[in-house]
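User: Could you walk me through this one in plain terms? I'd like to start with single residues and then see how the strands fit together.

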Amino acid sequence: MNNARIVLTKGKIASVDKVRWTCSVYVEHGPPLQSVPIAPMYLGNEAEGIYYLPKVGTVVLVAQPYDRVRRSS
């Protein structure tokens, strides 16, 4: 069993890289996050799925490992 914890941070999309499927996100408390991977909403065994490309200005939740957020504070 994995007891890993995550932190959800509210943010807003600053830019989108359609080639690398990443985005930059302004977060409420901290510096902007760069090269954030855009994850599929669903991913099957054969890498099929639904991908969502956010628009600049969209409000999002960013999930980060608890330890990484705690160390960078």
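**Residues, strands and partners**

User: Is serine 35 buried or exposed?
Analyst: The relative accessibility of serine 35 is 55%. Anything over 50% goes into the exposed class. This is a predicted model, by the way. So serine 35 counts as exposed.

User: Where does serine 35 sit, and in which strand?
Analyst: Serine 35 has a phi near 55°, which is positive even though the residue isn't a glycine. Most residues other than glycine have a negative phi. As for its place, serine 35 belongs to residues 33–37, and that is strand β3.

User: What's the pattern of the chain, read along the sequence?
Analyst: The chain holds 1 helix and 6 strands. Reading along the sequence, you get β-β-β-β-β-β-α.

User: What is the order of the open sheet of 4 strands?
Analyst: Strands of a sheet pair through backbone hydrogen bonds, either parallel or antiparallel. The pairing in this open sheet is antiparallel, and its 4 strands have the order β3-β2-β1-β6.

User: And which strands stand at the edges?
Analyst: An edge strand here has a single partner, so one of its sides is left without a neighbour in the sheet. From one strand to the next, the twist averages 55°. The two at the edges are β3 and β6.

User: Over how many bridges do β1 and β6 pair?
Analyst: To take one position, lysine 12 has valine 59 of β6 opposite it. β1 and β6 pair in the antiparallel sense, and the number of bridges is 7.

User: How many bridges are there between β1 and β2?
Analyst: Two positions show the match: glycine 11 stands opposite valine 27 in β2, and aspartate 17 has a bridge partner in β2, threonine 22. The two strands pair in the antiparallel sense, with a bridge count of 6.

User: Which residue takes a positive phi in the hairpin of β1 and β2?
Analyst: This hairpin has 4 residues between the strands. One residue of the loop between β1 and β2 is tryptophan 21, and at 35% relative accessibility it counts as partly exposed. With a phi near 55°, the residue you're after is tryptophan 21.

User: How about the hairpin of β2 and β3: which residue takes a positive phi there?
Analyst: β2 and β3 pair in the antiparallel sense over 3 bridges. Valine 25 stands opposite leucine 33 in β3, while cysteine 23 has valine 36 of β3 opposite it. This hairpin has 5 residues between its strands, and the one with a positive phi, near 140°, is glycine 30.

User: How many residues of β2 are buried?
Analyst: To count as buried, a residue needs a relative accessible area under 20%. β2 is mostly covered, and of its 6 residues the number buried is 5.

User: Which residues make up the covered face of β6?
Analyst: In a regular strand the side chains alternate between the two faces of the sheet. The uncovered face of β6 carries Val59, Leu61, Ala63 and Pro65. That leaves the covered face, made up of Val60, Val62 and Gln64.

User: How far apart in space are valine 62 and glycine 11?
Analyst: Valine 62 lies in strand β6 and counts as buried at 9% relative accessibility. Leaving aside neighbours within four places in sequence, its contacts are Val7, Leu8, Thr9, Val25 and Leu33. Valine 62 and glycine 11 are 51 residues apart in sequence, but C-alpha to C-alpha they are 6.9 Å apart.

User: Which residues is threonine 9 in contact with, leaving aside its neighbours within four places in sequence?
Analyst: Threonine 9 is placed in strand β1, residues 6–17. Its relative accessible area is 16%, so threonine 9 is buried. Its contacts beyond those neighbours are Val27, Glu28, Val60, Leu61, Val62 and Gln64.

User: Which ring does arginine 5 lie over, and how far is it from the ring centre?
Analyst: Aromatic pairs come to a count of 0. There is a charge over a ring, though: arginine 5 lies over the face of tyrosine 66, and its distance from the ring centre is 4.1 Å.

User: Last one: what share of the chain's 73 residues is buried?
Analyst: The chain exposes about 6,000 Å², with carbon and sulfur atoms supplying 55% of that. Of its contacts between residues at least 6 apart in sequence, 46% join residues at least 24 apart. For the 73 residues, the buried share is 22%.

How values were computed
Residues are numbered from 1 along each chain as its sequence is written. This is a predicted model: local features need pLDDT of at least 70, side-chain atom pairs count only at pLDDT 80 or more; totals for chains, interfaces and linings use all residues. Side-chain values use heavy atoms; hydrogens and water are left out. Buried means under 20% relative accessible area, exposed over 50%, partly exposed in between (1.4 Å probe, protein chains only). Contact means heavy atoms within 4.5 Å. Rings of Phe, Tyr and Trp (its six-membered ring) pair if their centres lie within 6.5 Å; planes under 30 degrees apart count as stacked, over 60 as edge-to-face and the rest as tilted. A charge sits over a ring if NZ of Lys or CZ of Arg is within 6 Å of the ring centre and within 35 degrees of the ring normal. Accessible areas come from the Shrake-Rupley method with a 1.4 Å probe; for residues, only the protein chains shown count as cover. Two strands pair if DSSP finds at least two bridges between them. Axes are lines fitted to C-alpha atoms, for helices over the stretch in contact, and angles run from 0 to 180 degrees between N-to-C directions.
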